[in-house]
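Work through the following exercises with the sequence and the structure at hand. Try each task before reading its solution.

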Amino acid sequence: YQNDFAARMDWCVKAPDEANHPPIAAIKGTPHLTASPGDSIQLDASHSSDPDGDDLQFKWIHYPEAGDFWDWYEFEFEDMDTATPTIRIPSEIDLTRPATTHIILAVTDSGEPSLTRYQRVILTLQPDAANPNP
């Protein structure tokens, strides 16, 4: 919050091209995804940008409290600090009903002060149709 406040103060006293502006966090496609056990999901924030041309850092964060599926420790993550990470959902997960979990994208620019913006992906996990639960 302090960086956002400092940037807003700069906007009052600096020329627009001298002040830092927040990045644009953009998720390609729909922010509502559906997957089943055994699936791999590729997230894509490669359309994110910065109005000042600053370099961007990406961080994907699991936010289980917002959903009703918390067994995230079983998932495999690859490249979670890039624009295009992969999440592998183990085939051993046993679901009796659809469940949701949330993933937050944080995009931070390299400007001064650095600014961060967020987007959310809601992942709905469906029971495996090939192995229905009794």
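**Exercise 1: The chain as a whole**

Of the 134 residues in the chain, 37% count as buried, and the model from which this value was computed is a predicted one.

Task: Determine which elements make up the chain, and whether the chain is more spread out or less spread out than a compact globule.

Solution: Begin with the secondary structure, which consists of one helix and seven strands. Read from the N terminus on, these elements follow the order α-β-β-β-β-β-β-β. Next, compare the radius of gyration of the chain, 18 Å, with the 14 Å that the globule rule gives for 134 residues; the value is well over the rule, so the chain is more spread out than a compact globule. As a further step, look at the C-alpha trace, which spans about 65 × 25 × 20 Å along its principal axes. Finally, consider the surface: the chain exposes about 8,000 Å², and carbon and sulfur atoms supply 50% of this area.

**Exercise 2: The open sheet**

Task: Find the order of the strands in the four-stranded open sheet, and explain why one side of each edge strand is left without a neighbour in the sheet.

Solution: The first step is to trace the order, which is β1-β7-β6-β3, with mixed pairing. The strands at the edges are β1 (32–35) and β3 (56–63), and because each has a single partner strand, one side of each is left without a neighbour in the sheet. Neighbouring strands of the sheet are turned by 25 degrees against each other on average, with direction ignored. In general, strands of a sheet pair through backbone hydrogen bonds, in either the parallel or the antiparallel sense. For β1 and β7 (residues 116–125), the pairing is parallel and extends over four bridges; within it, Thr34 has Thr124 in β7 as its bridge partner.

**Exercise 3: Confidence and one residue**

Task: Identify where in the chain confidence is lowest, and then describe the surroundings of Glu76.

Solution: Start from the average pLDDT of the chain, which is 90, with 93% of the residues scoring at least 70. Confidence is lowest in strand β4 (residues 76–78), at a mean of 86, whereas it is highest in β7, at 96. Glu76 belongs to strand β4, and its relative accessible area of 47% makes this residue partly exposed, since that class lies between 20% and 50%. When its neighbours within four places in sequence are left aside, Glu76 is in contact with Thr86, Ile87 and Arg88. Ala7, by comparison, lies 69 residues from Glu76 in sequence and 37 Å from it in space, C-alpha to C-alpha.

Methods
Residues are numbered from 1 along each chain as its sequence is written. This is a predicted model: local features need pLDDT of at least 70, side-chain atom pairs count only at pLDDT 80 or more; totals for chains, interfaces and linings use all residues. Side-chain values use heavy atoms; hydrogens and water are left out. Two strands pair if DSSP finds at least two bridges between them. Helices (H or I, at least four residues) and strands (E, at least two) are DSSP runs, numbered from the N terminus. Axes are lines fitted to C-alpha atoms, for helices over the stretch in contact, and angles run from 0 to 180 degrees between N-to-C directions. pLDDT is the predictor's confidence in each residue, from 0 to 100. Buried means under 20% relative accessible area, exposed over 50%, partly exposed in between (1.4 Å probe, protein chains only). Contact means heavy atoms within 4.5 Å. The radius of gyration is taken over C-alpha atoms; the globule rule is 2.2 Å times the number of residues to the power 0.38. Accessible areas come from the Shrake-Rupley method with a 1.4 Å probe; for residues, only the protein chains shown count as cover.
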